[in-house]
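Open the model in your viewer and keep the sequence panel in sight. The tour goes stop by stop, with something to select at each.

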Amino acid sequence: MEHLSSQHFIIDPNAKSRAERAKALEDAYTDALSEALCYQLEGASPNRIHAKAIELKVNRKLTPALMLAMVQRGATVFTESALALSTGRALLEIRDMLKSGDGETLEATLHAASVDHALMPTFLETLQECYGISASKSLTPRLVR
């Protein structure tokens, strides 16, 4: 039986360290998983989408990187469920907070969902685009914690 190796994935050929190769493989996995999820959940009810998010959380596959990949694909219902599950907050509370565009509350929520500080600006910008939040309610992250 053939064993999988880094040759089976598209990774940066210049990645020299084991950590760089591992990161490239993790990114490829997250991208493939988000694409598969979007395909599986296309046309699904919000309850079915929430059930899938629960399944991912139980199996420890609901990561901040996956949440970001899904919101970048426009999967807002999934993102709302994922944030609710990751923070322990009510789904309706998360949905209302996202629609209100309260940047400070959203940043605190992403922090509670274990979103890395390096991912925060991209996450906030993508959410701003998805929810049509105006510039007056900008979700620009604070630089000081």
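**Stop 1: α4 and its end**

Select G88: this glycine follows α4 and has a positive phi, near 80°. Bear in mind throughout that the model is predicted.

Now step back into α4 itself, residues 76–87. How far apart should the ends of its twelve residues be? At 1.5 Å a residue, the expected span is 16 Å, and the end C-alpha atoms are 16 Å apart, so the two agree.

Colour the buried residues of α4: F78, T79, E80, S81, A82, L83 and A84. Which elements cover them? Show α1, α2 (46–58) and α3, then add α5, α6 and α7; the cover includes these helices.

**Stop 2: α6**

Move to α6, residues 103–112. Select G103, L106, E107, T109 and L110, the buried residues of this helix. Look down the axis: they cover an arc of only 160°, and therefore sit on the same side of α6.

Next, display what packs over them. The cover of the buried α6 residues includes α4, α5 (91–100) and α7 (120–131). α4 and α6 thus appear in each other's list: α6 is among the elements covering the buried residues of α4, and α4 is among those covering the buried residues of α6.

Just after α6, pick S114. S114 takes a positive phi of about 65°.

**Stop 3: the largest pocket**

Turn on a pocket surface. The largest pocket holds about 210 Å³ of space.

Which residues line the largest pocket? Select K23, E26, D27, T30, D31, T63, A65, L68, A69, Q72 and L119. Colour this lining by class: four residues are nonpolar, three polar and four charged.

Now colour by helix. α1 (18–41) and α3 (64–72) each supply at least two residues of the lining. α1 gives the most, with five residues.

**Stop 4: E35 on α1**

Stay on α1 and select E35, which lies in this helix. Is E35 buried, partly exposed or exposed? E35 has 48% relative accessibility, so it counts as partly exposed; the class runs from 20% to 50%.

Finish with a distance. Draw a line from the C-alpha atom of E35 to that of M70. The two residues are 35 apart along the chain, and their C-alpha atoms are separated by 8.2 Å.

Notes. Residues are numbered from 1 along each chain as its sequence is written. This is a predicted model: local features need pLDDT of at least 70, side-chain atom pairs count only at pLDDT 80 or more; totals for chains, interfaces and linings use all residues. Side-chain values use heavy atoms; hydrogens and water are left out. Buried means under 20% relative accessible area, exposed over 50%, partly exposed in between (1.4 Å probe, protein chains only). Helices (H or I, at least four residues) and strands (E, at least two) are DSSP runs, numbered from the N terminus. The arc is that of the directions from the helix axis to the C-beta atoms. Contact means heavy atoms within 4.5 Å. On a 1 Å grid over the protein atoms alone, a cavity is a set of points where a 1.4 Å probe fits but cannot get out, and a pocket is an open set with protein on both sides within 12 Å along at least five of seven lines; lining residues have an atom within 4 Å of a point. Grid points are joined across faces, edges and corners, and a volume is the space filled by probe spheres set on the points. Ala, Val, Leu, Ile, Met, Phe, Trp, Tyr, Cys and Pro count as nonpolar, Asp, Glu, Lys and Arg as charged, and the others, Gly among them, as polar. The expected span of a helix is 1.5 Å times one less than its number of residues.
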